[in-house]
Amino acid sequence: MNFMTLGLLECCARCLVGAPFASLVATGLCFFGVALFCGCGHEALTGTEKLIETYFSKNYQDYEYLINVIHAFQYVIYGTASFFFLYGALLLAEGFYTTGAVRQIFGDYKTTICGKGLSATVTGGQKGRGSRGQHQAHSLERVCHCLGKWLGHPDKFVGITYALTIVWLLVFACSAVPVYIYFNTWTTCQSIASPSKTSASIGSLCADARMYGVLPWNAFPGKVCGSNLLSICKTAEFQMTFHLFIAAFVGAAATLVSLLTFMIAATYNFAVLKLMGRGTKF
């Protein structure tokens, strides 16, 4: 019993030593950022649709295209969440794989009782448990072999992550646009609420959805001015949608940071393995 306890403790200690902390942090940040971006972005788009329908246009034809675009973006959000969950898990596995290889080169990682036990579990060990146990062990071994083939090419992960970072940089920039629009509207409402701080008349202070391309120029009314705009800004729908877009923007920023961290860590591991003569396969 004591031997098993010591083996478990040694396993935990060795796993902590061999853990790719940069990849672990990046994975947590990626999952958090994507969840925040997708969840808040989805609800913020729904809130925007309600605000446009209620206050900025009375004709469905004016905002029909906008609704179709919003629904399309919401479907894209579903796909984005699924993709990043799978790709983040794959990058984490790549981090463990390449970090272990790098630390083997520098002599910082050794096989332990835990490693031997895990190897025996995957391969089925010397003591068989019948044809069924051997079949399961063989299946696990094949899965690990296939996964190893994918993870044995860190150069491909660097290239894919680099391209994905460029694409997400555009997403990050686009997520700032609704924050800018809502912030301008909120600033206009603050000017209406404090008329002494502005020289313009309250009636001339407006939020025009047509100016940002949200609605066509022939949409009616297309804009809301004065006290009517102030009443909109005080609604729970506007406040919630504004804050949801801010949260989605923060989520996009967190995801971008996680991708940069992944890319730096993968590039470092690939460079070390390349310089030490391991090539792109190991």
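Is Cys-206 buried or partly exposed? Cys-206 is partly exposed, with a relative accessible area of 25%. Keep that residue in mind, as it returns in one of the close-ups below.

**Figure 1. Getting to know the whole chain.** Welcome to a predicted model. The protein chain has eight helices and two strands. If you follow the sequence from its start, the elements come in the order α-α-α-α-α-α-β-β-α-α. Of the 282 residues in the protein chain, 38% are buried. Contacts often reach across the sequence: among those in the protein chain with a separation of 6 or more, 79% are between residues 24 or more positions apart. The surface that the protein chain exposes comes to about 16700 Å², and carbon and sulfur atoms supply 67% of it.

**Figure 2. The disulfide between Cys-189 and Cys-233.** A search of the whole structure turns up two disulfides, and this view shows the one that joins Cys-189 to Cys-233, with an S to S distance of 1.7 Å. Cys-189 belongs to helix H6 (residues 154–193) and Cys-233 to helix H7 (residues 226–233), so the pair ties together parts that are 44 residues apart in sequence. The torsion about the S-S bond of Cys-189 and Cys-233 is about 50°, so this disulfide is right-handed. Where do the two partners sit, buried or exposed? Cys-189 counts as buried because its relative accessibility is 1%, and Cys-233 counts as buried at 4%. For both, the cut-off is under 20% relative accessible area.

**Figure 3. The disulfide between Cys-206 and Cys-225.** Here is the residue from the opening question: Cys-206 is joined to Cys-225 by a disulfide, S to S 1.8 Å. Cys-206 lies in strand S1 (residues 206–208) and Cys-225 in strand S2 (residues 223–225), so the link ties together parts that are 19 residues apart in sequence. With a torsion of about 105° about the S-S bond of Cys-206 and Cys-225, the disulfide is right-handed. Cys-225 is partly exposed, its relative accessible area being 22%, and Cys-206 is partly exposed at 25%.

**Figure 4. Cys-30 and Cys-38, cysteines without a bond.** Why does the sulfur of Cys-30 have no bond to the closest cysteine sulfur? That closest sulfur is in Cys-38, 9.8 Å away, which is too far for a bond. Cys-30 itself is buried, with a relative accessible area of 1%. Cys-38 is in no disulfide either, and its nearest cysteine sulfur, that of Cys-40, is 9.8 Å away. Cys-38 counts as buried at 7% relative accessibility.

**Figure 5. Ser-23 and its neighbours.** Take a look at Ser-23, which is found in helix H2 (residues 21–56). Ser-23 is buried, as its relative accessible area is 6%. Which residues does Ser-23 touch, not counting those up to four places away in sequence? They are Leu-92, Gly-95 and Phe-262.

**Figure 6. A nonpolar patch on the surface.** Leu-24 lies in helix H2 and counts as partly exposed at 35% relative accessibility. Together, Phe-21, Leu-24 and Phe-96 make a nonpolar surface patch of about 280 Å².

**Figure 7. The salt bridge of Asp-208 and Arg-210.** How many salt bridges does a search of the whole structure find? The search finds one. In this salt bridge the side chains of Asp-208 and Arg-210 meet, at 3.0 Å from N to O. Side chains of opposite charge can pair when their charged atoms come close. Asp-208 counts as buried at 14% relative accessibility, and Arg-210 is buried with a relative accessible area of 14%.

**Figure 8. Where to read the model with care.** The protein chain averages a pLDDT of 78, and 71% of the residues score at least 70. Confidence in the protein chain is highest in H2, at a mean of 92, and lowest in helix H4 (residues 113–123), at a mean of 36. Over residues 109–130 the pLDDT is below 50, and this stretch has 17 contacts in the model beyond near neighbours in sequence. Residues 278–282 also have a pLDDT below 50, with 21 contacts beyond near neighbours in sequence. Where pLDDT is low, the predicted coordinates should not be read in detail.

Note on methods: Residues numbered from 1 in each chain as written. Predicted model: local features only at pLDDT ≥ 70, side-chain atom pairs only at ≥ 80, totals over all residues. Heavy atoms only, no water. Disulfide = S-S within 2.5 Å. Helix = DSSP H or I, 4+ residues; strand = E, 2+ residues; numbered from the N terminus. Buried < 20%, exposed > 50% of the residue type's maximum accessible area, 1.4 Å probe, protein only. Contact = heavy atoms within 4.5 Å. Salt bridge = Lys/Arg side-chain N within 4 Å of Asp/Glu carboxyl O. Patch = residues over 30% accessible without salt bridge, like charges linked within 9 Å, V, L, I, M, F, W, Y side chains within 5 Å. Areas by Shrake-Rupley, 256 points an atom, 1.4 Å probe, with all protein chains shown as cover. pLDDT = per-residue confidence, 0-100.
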